[in-house]
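This briefing sets out the computed features of the structure shown below. It proceeds from the overall fold to the charged groups, and then to individual residues.

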Amino acid sequence: MRLDDYLRGKRMTQAQFGELLIPPVKQAQVSQWFRGLTRVTLDQALQIERITDGEVTPADCAALFAVQEAA
């Protein structure tokens, strides 16, 4: 599942989600992931998988950046 779809489904803002990570990330960082400007680190991807109860996998996180590379 795409992370942005997960956030929409949970009615969660990018800022709220970023606060769940350790260390927390700012809304701007989450936005950069969605726009393919920066990559989600492996540690962040594993945390995202845990936070989303496996609905968003590390592979899903990597795909956020891959879409931009193909464009």
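Buried residues account for 34% of the 71 residues in the chain. The model is a predicted one, and its secondary structure consists of 5 helices and 0 strands. Read from the N terminus, the order of elements is α-α-α-α-α. The radius of gyration is 11 Å, close to the 11 Å that the globule rule gives for 71 residues, so the chain is as compact as a globular protein of that length.

**Overall dimensions, surface and contacts**

- Taken along the principal axes, the box filled by the C-alpha atoms of the chain is roughly 30 × 25 × 25 Å.
- The exposed area of the chain is about 4400 Å², and 55% of that area is supplied by carbon and sulfur atoms.
- Of the contacts between residues at least 6 apart in sequence, 49% join residues that are at least 24 apart.

**Charges and salt bridges**

- The chain carries 8 positive and 9 negative charges, and the mean positions of the two sets lie 7 Å apart.
- A search of the whole structure returns 3 salt bridges. Arg2, Asp4, Asp5 and Arg8 are linked by salt bridges into a network.
- Arg2 pairs with Asp4, with 2.9 Å between the closest N and O atoms. Asp4 counts as buried, because its relative accessibility of 15% is under the 20% cut-off. Its partner Arg2 is partly exposed, with a relative accessible area of 40%.
- Asp4 also forms a salt bridge with Arg8, where the closest N and O atoms are 3.9 Å apart. That distance falls within the 4 Å limit, so the pair qualifies as a salt bridge. Both residues belong to helix α1 (residues 3-10) and are separated by 4 residues, about one turn of the helix.
- Arg8 forms a further salt bridge with Asp5, the closest N and O atoms being 2.5 Å apart. Asp5 and Arg8 are likewise both in helix α1, at a separation of 3 residues, about one turn of the helix.
- Arg8 is exposed, with a relative accessible area of 54%, whereas Asp5 is partly exposed at 35%.

**Residues of helix α4**

- Ile51 is part of helix α4, which spans residues 42-51. With a relative accessible area of 18%, Ile51 is buried.
- Leaving aside neighbours within four places in sequence, the contacts of Ile51 are Tyr6, Phe17, Leu20 and Leu21. Of these partners, Tyr6 falls within the residue range 3-10 of helix α1, while Phe17 and Leu20 fall within the range 14-20 of α2.
- Ile51 and Val30 are separated by 21 residues in sequence, and their C-alpha atoms are 15 Å apart in space.
- Asp43 also lies in helix α4. Asp43 is partly exposed, its relative accessible area being 46%.
- The C-alpha atoms of Asp43 and Pro58 are 9.3 Å apart, with the two positions 15 residues apart in sequence numbering.

**Backbone geometry in the loops**

- The peptide bond joining Ile22 and Pro23 is cis, with omega at about -5 degrees. Pro23 is located in the loop between α2 (14-20) and α3 (27-34).
- Arg11 is not a glycine, yet its phi is positive, at about 55 degrees. Arg11 is placed in the loop between α1 and α2. The residue is exposed, with a relative accessible area of 78%.
- Asp53, likewise a residue other than glycine, has a positive phi near 55 degrees. Asp53 is found in the loop between α4 and α5 (58-70). Its relative accessible area is 71%, which makes Asp53 exposed.

Terms used. Residues are numbered from 1 along each chain as its sequence is written. This is a predicted model: local features need pLDDT of at least 70, side-chain atom pairs count only at pLDDT 80 or more; totals for chains, interfaces and linings use all residues. Side-chain values use heavy atoms; hydrogens and water are left out. Helices (H or I, at least four residues) and strands (E, at least two) are DSSP runs, numbered from the N terminus. The radius of gyration is taken over C-alpha atoms; the globule rule is 2.2 Å times the number of residues to the power 0.38. Buried means under 20% relative accessible area, exposed over 50%, partly exposed in between (1.4 Å probe, protein chains only). Contact means heavy atoms within 4.5 Å. Accessible areas come from the Shrake-Rupley method with a 1.4 Å probe; for residues, only the protein chains shown count as cover. Lys and Arg count as positive and Asp and Glu as negative; His and the chain ends are not counted. The place of a charge is taken as NZ of Lys, CZ of Arg, CG of Asp or CD of Glu. A salt bridge is a side-chain nitrogen of Lys or Arg within 4 Å of a carboxyl oxygen of Asp or Glu.
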